[in-house]
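Trainee: I would like a close look at the aromatic rings in this model. Please take them one at a time, then set them against the rest of the chain.

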Amino acid sequence: MADRKAEKNDISDQPQKSIVDFDPPKKPKRNMYAIACAVLASMTSILLGYDIGVMSGAIIYIKKDLKINDVQVEILAGILNLYCLIGSCAAGRTSDWIGRRYTIVVAQAIFFVGAILMGFATNYAFLMVGRFVAGVGVGFALMIAPVYTAEVSPASSRGFLTSFPEVFINAGIMLGYVSNYAFSKLPTHLGWRLMLGVGAIPSVILGIVVLGMPESPRWLVMQGRLGDAKRVLDKTSDSKEEADIRLADIKGAAGIPENCTDDIVQVPKQSHGEDVWKELLLRPTPSVRHALIAAVGIHFFQQSSGIDSVVLYSPRIFEKAGITSTNDKLLATVAVGFTKTVFILVATFLLDRIGRRPLLLSSVAGMILSLATLGIGLSIIEHSDHKLMWAVALCIAMVLSYVAFFSIGMGPITWVYSSEVFPLRLRAQGASIGVAVNRVTSGVISMTFLSLSKGITIGGAFFLYASIATVSWIFFYFMLPETQGRTLEDMEGLFGNFGWKFAKLIKNEKQQEEEVNHAAGNGNGKGQIQLARDEYVD
């Protein structure tokens, strides 16, 4: 009898043990190796952030030293975004050719040269040459960092890890603002040159450190190096089972038979970008077309809602709000950088907990409110004969509120979303298109803000940005499906149905009706069992 009981306990214990082994509470555990790889790759984004942040203060002194006008200031501040196009477009093909890791090294080397040229610039033309070289390097870094991070991350924490590039953009902006304040006490001709030239230091450090990172497992599979890819996946996955599943999915996407276990295999001939552009732009499948529209749309709206105008020209905005001291303006910009950095850190922990869509939609709603209120505050100040302290305080609060709402959703999710929605064969080029749209839009916004402010008033400019943000909310609601928890190879099935939101609403209504009818027909006990099952499935 005792033996039977013991046997029963043994049998009943076995399924409990297997359920515990695969229980969801294990999921939040972070893979430290994957985090280290994501941090190192994403640190390349500091280059863009530092350039944006430092230029906001440096242009005050460049304008004085080189005697340039507002149009030249706009071009100097915004042209780097257009130069990024060359880098981001070249990075897609380069990363397929030499690998993701060495492409990051190339980005650091190019930016290093650009920073040195800007630091030693003797006139406006020389400075523009330095901006061109630095812009190409930033374009490389912006495209490759989120792609590498997405490809090396396990699905359970991909949102957390892929948001790191935006975290480091914000860290770079903060460093740029601090650099402005630190070097502002130096002679004018020396201060701005040091502000720009110091950017060469992190690029050297990052270029060396990146060499210690592993190559992307997906790129290794595309080269037929299955053994190397498996070793990287074993280190970056949450479990050995997940590593095997990820490897099988990548092999399938690359056209390699699942039962092939050799360390090095012959991969079906693939082009290094020649046919990819045709598949992306000329003959896309419905799912690829939907993914492309979603990625291009989120990048466009991220920049067209005016974030670079606020970050680049925050000293001008604070001046219009009534702050006249240069020192106070630079301190206020440091507050902007600090707010952005704090809220982007909050966002990284929410992306994989509550999903992309809820964060994005609530973020944009907050941005709309902040932009509209900032426009009202600036309009009141502009039409007032005396200084209104409450309006000044309102404008400062709304600038901080706007960057906070941007950083908690729109900022990081743009990079997370656009790096994960494309199929493996199109990912590098698809991401580079997104970055290209992002930089072109940013360039247009940052090179027109001063002229726009003069044409429709500074308050009117922010009303315009609020209107664009409103359109973006509608676009995101209907065009962007949730990608939380999906593997990269599973993404293609999410896209292709442009009316997916309407279809989902109708499906949910039908399911609710069926559940109510089922519960009513089978009694309360059965209805409760059905609801419990539904909750478990969810």
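Mentor: What follows starts with the aromatic rings and then moves out to the core, some selected residues and the confidence.

This is a predicted model. The protein chain has 23 helices and zero strands. Buried residues make up 54% of its 538 residues. Take the contacts in the chain with a separation of 6 or more: 82% of them are between residues 24 or more positions apart.

Now the rings. How many aromatic pairs does the structure hold? It holds ten. One of them joins phenylalanine 300 and phenylalanine 301. Their centres are 5.1 Å apart, and the planes make an angle of 70°. That angle is over 60 degrees, so the pair is edge-to-face. Are these two rings' residues buried or exposed? Phenylalanine 300 has 36% relative accessibility and counts as partly exposed. Phenylalanine 301 is buried, with a relative accessible area of 10%. The cut-off for buried is under 20%, so phenylalanine 301 qualifies.

A second example is phenylalanine 449 with phenylalanine 462. This pair is also edge-to-face, at 5.9 Å centre to centre and 65° between the planes. It links distant parts of the chain. Phenylalanine 449 sits in helix α21 (residues 427–456). Phenylalanine 462 sits in helix α22 (residues 458–479). The two are 13 residues apart. Both partners are buried: phenylalanine 449 has a relative accessible area of 1%, and phenylalanine 462 has 0% relative accessibility.

Rings also group. Phe300, Phe301, Phe475 and Phe476 form one aromatic cluster.

Charged side chains meet rings too. Arginine 101 lies over the face of tyrosine 102, at 4.9 Å from the ring centre. Lysine 185 lies over the face of tyrosine 181, and here the distance to the ring centre is 4.5 Å.

Next, the core. Two of the phenylalanines named above return here. The largest nonpolar core has 138 residues, and Ile62, Phe462 and Phe476 touch the most other members. Helix α6 (residues 124–152) gives the most to this core, with 14 residues. What does isoleucine 62 touch, not counting residues up to four places away in sequence? Its contacts are Met55, Lys67, Ile68, Leu76, Leu127, Trp192 and Leu196. There is also a second, separate core of eight residues. Its members include Ala38, Ile46, Phe160 and Phe168.

Now a charged residue. Aspartate 70 lies in helix α4 (residues 70–98). Its relative accessible area is 16%, so it counts as buried. Two polar contacts involve its side chain. One goes to the side chain of lysine 63, at 2.8 Å. The other joins it to the side chain of arginine 316, at 2.9 Å. Not counting residues up to four places away in sequence, aspartate 70 touches Lys63, Arg316, Leu450 and Lys454. Leu450 and Lys454 fall within the span of helix α21 (residues 427–456).

Two further residues show contacts across the sequence. Valine 334 is found in helix α18 (residues 326–354). It counts as buried, at 18% relative accessibility. Valine 334 and isoleucine 173 are 161 residues apart in sequence, yet their C-alpha atoms are 9.0 Å apart in space. Leaving aside neighbours within four places, valine 334 is in contact with Met174, Tyr177 and Val178.

Asparagine 31 is in a loop, between α1 and α2 (32–42). At 12% relative accessibility, asparagine 31 is buried. Its C-alpha atom and that of serine 237 are separated by 7.0 Å, with their positions 206 residues apart along the chain. Leaving aside neighbours within four places in sequence, asparagine 31 is in contact with Lys235, Thr236, Ser237 and Asp238.

Last, confidence. The mean pLDDT of the protein chain is 81, and 83% of its residues reach 70 or more. Where is confidence lowest, and where is it highest? It is lowest in helix α1 (residues 2–21), at a mean of 49. It is highest in α22, at 94. Phenylalanine 462 belongs to that helix α22. Residues 24–28 have pLDDT below 50, and beyond near neighbours in sequence this stretch has three contacts in the model. Residues 525–538 are also below 50, and that stretch has four such contacts. Where pLDDT is low, the predicted coordinates should not be read in detail.

Key. Residues numbered from 1 in each chain as written. Predicted model: local features only at pLDDT ≥ 70, side-chain atom pairs only at ≥ 80, totals over all residues. Heavy atoms only, no water. Phe/Tyr/Trp six-rings, centres within 6.5 Å; stacked < 30°, edge-to-face > 60°. Buried < 20%, exposed > 50% of the residue type's maximum accessible area, 1.4 Å probe, protein only. Helix = DSSP H or I, 4+ residues; strand = E, 2+ residues; numbered from the N terminus. Lys NZ or Arg CZ within 6 Å of the ring centre and 35° of its normal. pLDDT = per-residue confidence, 0-100. Contact = heavy atoms within 4.5 Å. Core = buried A, V, L, I, M, F, W, Y, C linked by side-chain atoms within 4.5 Å. Polar contact = N/O pair within 3.5 Å; in protein donor to acceptor, adjacent residues only side chain to side chain.
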